[in-house]
Amino acid sequence: MSRLENISFRTPCLEDGLAVHRLIESCPPLDTNSSYCNFLQCSHFANTSVIAEAGKDPVGFISGYILPERNDTLFIWQVAVAERARGFGLASRMLNHITSRPQCKFVSYLETTITKSNQASWALFRRAAQKLSSNLNSSVWIDGQLHFDGLHDSEHLVRIGPFTQVTNFQ
């Protein structure tokens, strides 16, 4: 991929579920959820998720949702970028696309979970915090030993905010 301008962004729909599942499968070390989960992300959480396409080929996906008990917080569930689309700031552009939507007008915090070794996600959310002129706080939320019985690395809860206006994350 030589030009990022050829990428389009849109709200996912139910029919995107399997393509999203395949994209996530192709992006280790991301956890692959069931395809059913991806269908839910593309339907129930579509307004706070985004699919990026090169032509009709999905090259990026972010799933997220507004926390039910805190409508000021957008939780980013998963960020996937196809290998051929990496290095173009696609994840930042997708994040910007979601947070610019009317559904996020009351959002003043971003949250996500990241394993210690996922340097791409740490970089994305550090950039976001910097662009938002906000603090990034993190702490272990799901402990690898206590909660995952050693079968998965610990997940750090990352919280950015408060911020007053969403900006371009690139």
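**Loops, helix 4 and the largest pocket**

User: In this predicted model, does Asp149 count as buried or exposed?
Analyst: The computed relative accessibility of Asp149 is 62%, and the cut-off for this class is a value over 50%. Because of that 62% relative accessibility, Asp149 counts as exposed.

User: Where does Asp149 lie, and what is its phi?
Analyst: Asp149 is placed in the loop between strand 6 and strand 7. Most residues other than glycine have a negative phi. Asp149, a residue other than glycine, nevertheless has a positive phi, with a value near 55°.

User: Which residue just after helix 4 takes a positive phi, and what is its relative accessibility?
Analyst: In the loop between helix 4 and strand 6, Ser133 has a phi near 50°, a positive value in a residue other than glycine. Ser133 counts as exposed because its relative accessibility is 69%.

User: How far apart are the end C-alpha atoms of helix 4?
Analyst: Helix 4 comprises 13 residues, 119-131, and at 1.5 Å a residue it should span 18 Å. The expected span agrees with the distance in the model, where the end C-alpha atoms are apart by 18 Å.

User: Within what arc do the buried residues of helix 4 fall when seen down its axis?
Analyst: The buried residues of helix 4 are Ser121, Trp122, Leu124, Phe125, Ala128 and Ala129. An α-helix has 3.6 residues a turn, so residues three or four places apart point the same way. In helix 4 the buried residues line one face, because they fall within an arc of 160°.

User: Which elements do the buried residues of helix 4 pack against, and which exposed residues are on the face turned away?
Analyst: On the buried side, the packing partners are helix 3, strand 4 (70-81), strand 5, strand 6 (136-142) and strand 7 (155-160). The face of helix 4 turned away from that buried side carries two exposed residues, Ala120 and Gln130.

User: Does Arg101 count as buried or exposed, and which side chain is joined to that of Arg101 by a polar contact of 3.3 Å?
Analyst: Although Arg101 is found in the loop between helix 3 (90-99) and strand 5 (109-115), it counts as buried because its relative accessibility is 9%. Residues more than four places away in sequence that Arg101 touches include Arg10, Thr11, Ala46 and Thr48. Arg101 and Thr48 are 53 residues apart in sequence, yet 8.1 Å apart in space, C-alpha to C-alpha. The polar contact of 3.3 Å joins the side chain of Arg101 to that of His97.

User: Which element supplies the largest share of the lining of the largest pocket?
Analyst: The largest pocket encloses about 480 Å³ of space and is lined by 23 residues, with Leu30, Asp31, Thr113, Thr115 and Glu155 nearest its centre. Strand 4, strand 5, helix 4 and strand 6 each supply at least two lining residues. The largest share, 5 residues, comes from strand 4.

User: What is the omega of the peptide bond from Pro28 to Pro29, and what is that of the bond from Gly161 to Pro162?
Analyst: Most peptide bonds are trans. Pro29 is in the loop between helix 1 (17-25) and helix 2 (35-43), and the bond from Pro28 to Pro29 is cis, with omega near 15°. Pro162 is in the segment after strand 7, and the bond from Gly161 to Pro162 is cis, with omega near 0°.

Methods: Residues numbered from 1 in each chain as written. Predicted model: local features only at pLDDT ≥ 70, side-chain atom pairs only at ≥ 80, totals over all residues. Heavy atoms only, no water. Helix = DSSP H or I, 4+ residues; strand = E, 2+ residues; numbered from the N terminus. Buried < 20%, exposed > 50% of the residue type's maximum accessible area, 1.4 Å probe, protein only. Contact = heavy atoms within 4.5 Å. Polar contact = N/O pair within 3.5 Å; in protein donor to acceptor, adjacent residues only side chain to side chain. Expected span 1.5 Å × (residues − 1). Arc of directions from axis to C-beta. 1 Å grid on protein atoms, 1.4 Å probe; cavity = no way out; pocket = protein on both sides within 12 Å on 5 of 7 lines; lining within 4 Å. Points joined across faces, edges and corners; volume = space filled by probe spheres on them.
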